[in-house]
Amino acid sequence: MPRELREADALMKRIADVARLLPALTAENAAVERARLVDAVERGETPGPRWELSRRRVEPEVWRMLDAARRLVAHLPVASLYEDRLEELEVELAMIEALGESKRIRPLAARRFGTGRTRVPLDDGDVTLGGVARTLMDSLPHREEERVVPASGPNGTLSLAALMLAVARSAGLDIDVKIEPRLSAGAATGDRTVFLAPRSFGRAESLRFAVHEVLGHAVAAANARDQPIRLFEIGTAGSFSSQEGLCLCLEERAGVLDAYRLRIIAARVLVTDRMHDGAPFGETARWLVDAHDFSASDAIAVTERAYRGGGVARDVGYLHGWLRVRSALEADETSIDHMRVGRVGLDVARQLPALVEMGLARPPRHRPSLARSLSATDGGTSRDTSPPSVAASLTMLEET
C-alpha cells in the first residue's frame with residue numbers, strides 16, 4: 001500500500017473522530033426537555049424547546065489535517081475515493097462549529113444531507129423525496145404497537161438488550177449494549193456498542209432494531225475492521241445514507257418494515273423541509289399530531305431529530321438511501337454482503353470487485369444469514385409484513 005495512503009488514512013481517522021461528534025451532540029438536558037415537550041403537546045400546547053447545548057470549536061489543526069490529506073491523495077489512482085469523503089467531513093466540521101446557530105447550520109445541513117427536494121430515480125423516471133414521503137404519509141395508517149419490551153432487564157427475561165445480544169451471537173459478533181438517556185433515537189450503534197434509549201419497545205419494533213442495528217450496522221462495522229484501508233471504518237462518501245438504506249432493506253426482508261415505520265421515515269423528510277422553510281418547532285410537532293395522527297411522543301421524537309442543534313436534520317438520508325439501495329439490489333448492481341463490507345456508500349459497494357483486485361479491500365468475513373440470525377429470537381418477538389401496496393412495489397410512487 002502506498003505510503004501516502006497510509007498517512008492519509010491516519011489523518012482521516014483523526015478528522016473523522018472529531019466529525020463523528022455531530023450526531024452525538026445532543027442537548028445536556030435532552031431527556032428532561034423531551035419529557036416536558038411531550039407533556040406540553042399532550043395538553044394541546046405548541047411548545048418550544050429549551051435545549052442546553054454546549055458550543056464546540058474545531059481546532060485549527062483539524063482544518064490543516066484536511067488540507068494535508070487532500071495533498072497526500074491528490075495523485076493516487078483512488079484520489080476521488082478519499083476526496084469525496086474529505087468534502088463531506090469538511091461540511092460536518094463546519095456544522096459542528098455552527099451548532100445552535102440556525103442561519104448557519106441549516107444551509108450546511110441541506111448541502112450535506114439533502115432535503116425533500118432531492119430527486120431519486122425510480123423505474124421510469126425520477127421523483128422528489130418529498131413527493132415519496134407525502135404519498136407514504138397519506139396512504140398508510142399510523143398505528144403504534146403497545147410497548148411492552150423493556151430496554152434491559154434481569155438475565156433470562158425478554159428485553160431489547162437480550163434480543164440484540166442473542167442476534168449478535170448468532171451472527172458471530174461480540175457487542176456490548178448500553179443504555180443512553182440522552183439518545184433521541186430508539187437505538188444507535190458505535191464501533192462495538194449498541195446504545196438504547198431508556199424506554200420500552202414494541203415486540204415488532206424490538207425485532208426491527210435488532211435487524212437494523214446488529215445485522216446492519218454492527219456487521220458492517222465488524223467487516224470494516226478487517227479491511228486494509230481505514231476508510232471503510234471511517235465511512236466512504238455517501239455511506240450515511242446508503243448504510244441506513246441497507247438497514248431498511250434488511251428490515252423489509254425480515255418483514256418488519258411495516259406501515260408505522262414507513263410513516264416515521266416519511267415524516268422525517270417532511271419535518272426536515274418544514275424546518276428548512278422556517279416553521280417553528282412547536283407548530284411542526286402539532287402538525288404531526290393534528291394533521292397526521294402521530295402520538296405526542298412520536299411527534300416530538302421526529303421533530304427533535306430535525307431541529308436539534310439549530311437544524312442538524314440528517315434524516316432525509318433514510319428514505320433516500322432505502323430507495324437507492326433497494327433499487328440497486330433488485331437490479332443486481334450490488335449485494336447485501338457487498339454493502340456490509342464496511343461503512344460504504346452505494347457507489348463504492350458497486351466498485352468492490354475492482355477494489356479487491358487492487359488490494360484495497362477484502363471480501364466481507366461476516367456474512368450472517370438473516371433467517372438463521374433471527375431464529376435466535378426464540379419467538380420472543382413478532383413480525384409484521386410490509387404494506388403490499390407501498391413497500392413491496394413502488395410503482396405508485398412514480399405518480400407523485
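# Exercises on contacts, salt bridges and helix packing

In this predicted model, Trp 287 touches Leu 270, Val 271, Arg 274 and His 292, once residues up to four places away in sequence are set aside.

**Exercise 1.** Place Trp 287 in the fold by stating which helix holds Trp 287, whether Trp 287 is buried, exposed or partly exposed, and how far Trp 287 lies from Asp 9 in sequence and in space.

*Solution.* Begin with the secondary structure, where Trp 287 is found in helix α13. Next, take the relative accessible area of 23%, which makes Trp 287 partly exposed, because buried means under 20% and exposed means over 50%. Finally, compare with Asp 9, which is 278 residues away from Trp 287 in sequence and 45 Å away in space, taken from C-alpha to C-alpha.

**Exercise 2.** Describe how helix α13 packs against helix α14, giving the angle and the axis distance, the class of the angle, the handedness of the crossing and the character of the residues in contact.

*Solution.* Helix α13 (residues 281–292) and helix α14 (residues 296–307) have axes 9 Å apart and pack at an angle of about 140°. That angle makes α13 oblique to α14, since only angles over 145 degrees count as roughly antiparallel, and those from 65 to 115 as roughly perpendicular. The crossing of α13 past α14 is right-handed. On the α13 side, the contact is made by Phe 281, Thr 284, Ala 285, Leu 288 and Val 289, while α14 contributes Ala 296, Ala 299, Ile 300, Val 302, Thr 303, Glu 304 and Tyr 307. Sorted by character, the residues of this contact are nine nonpolar, two polar and one charged.

**Exercise 3.** Examine the salt bridges of Glu 90 with Arg 70, Arg 199 with Glu 205, and Arg 340 with Asp 337, and say for each residue whether it is buried, exposed or partly exposed.

*Solution.* The structure holds 36 salt bridges in total. In general, side chains of opposite charge can pair when their charged atoms come close.

- Glu 90 and Arg 70 meet through their side chains at 2.8 Å, N to O. Glu 90 lies in helix α5 (residues 79–98) and Arg 70 in helix α4 (residues 60–73), so the pair ties together parts that are 20 residues apart in sequence. Glu 90 is partly exposed at 30% relative accessibility, and Arg 70 is partly exposed at 24%.
- Arg 199 and Glu 205 form a salt bridge in which the closest N and O atoms are 2.9 Å apart. Arg 199 is partly exposed at 25%, whereas Glu 205 is buried at 6%.
- Arg 340 and Asp 337 are joined at 3.4 Å, N to O, and both residues are buried.

**Exercise 4.** Identify the salt-bridge network that includes Arg 343, and then find the contacts that Ser 239 makes.

*Solution.* Arg 343 is linked with Lys 13, Asp 17, Arg 20 and Asp 191 in a network of salt bridges. Arg 343 is also in contact with Ser 239, which touches Val 344 and Gly 345 as well, leaving aside neighbours within four places in sequence. Ser 239 itself lies in helix α11 (residues 239–253) and is buried, with a relative accessible area of 9%.

**Exercise 5.** For Ala 313 and Asp 332, give phi, the loop that holds each residue, and whether each is buried or exposed.

*Solution.* Ala 313 has a positive phi, near 45°, in a residue other than glycine. Ala 313 sits in the loop between α14 and α15 (316–330) and counts as buried at 0% relative accessibility. Asp 332, also not a glycine, has a positive phi of about 60°. Asp 332 belongs to the loop between α15 and α16 (336–339) and is exposed, with a relative accessible area of 68%.

Definitions and conventions
Residues are numbered from 1 along each chain as its sequence is written. This is a predicted model: local features need pLDDT of at least 70, side-chain atom pairs count only at pLDDT 80 or more; totals for chains, interfaces and linings use all residues. Side-chain values use heavy atoms; hydrogens and water are left out. A salt bridge is a side-chain nitrogen of Lys or Arg within 4 Å of a carboxyl oxygen of Asp or Glu. Helices (H or I, at least four residues) and strands (E, at least two) are DSSP runs, numbered from the N terminus. Buried means under 20% relative accessible area, exposed over 50%, partly exposed in between (1.4 Å probe, protein chains only). Axes are lines fitted to C-alpha atoms, for helices over the stretch in contact, and angles run from 0 to 180 degrees between N-to-C directions. Angles under 35 degrees count as roughly parallel, over 145 as roughly antiparallel, 65 to 115 as roughly perpendicular and the rest as oblique. A crossing is left-handed if the near helix is turned anticlockwise from the far one by less than a right angle, and right-handed if clockwise. Contact means heavy atoms within 4.5 Å. Ala, Val, Leu, Ile, Met, Phe, Trp, Tyr, Cys and Pro count as nonpolar, Asp, Glu, Lys and Arg as charged, and the others, Gly among them, as polar.
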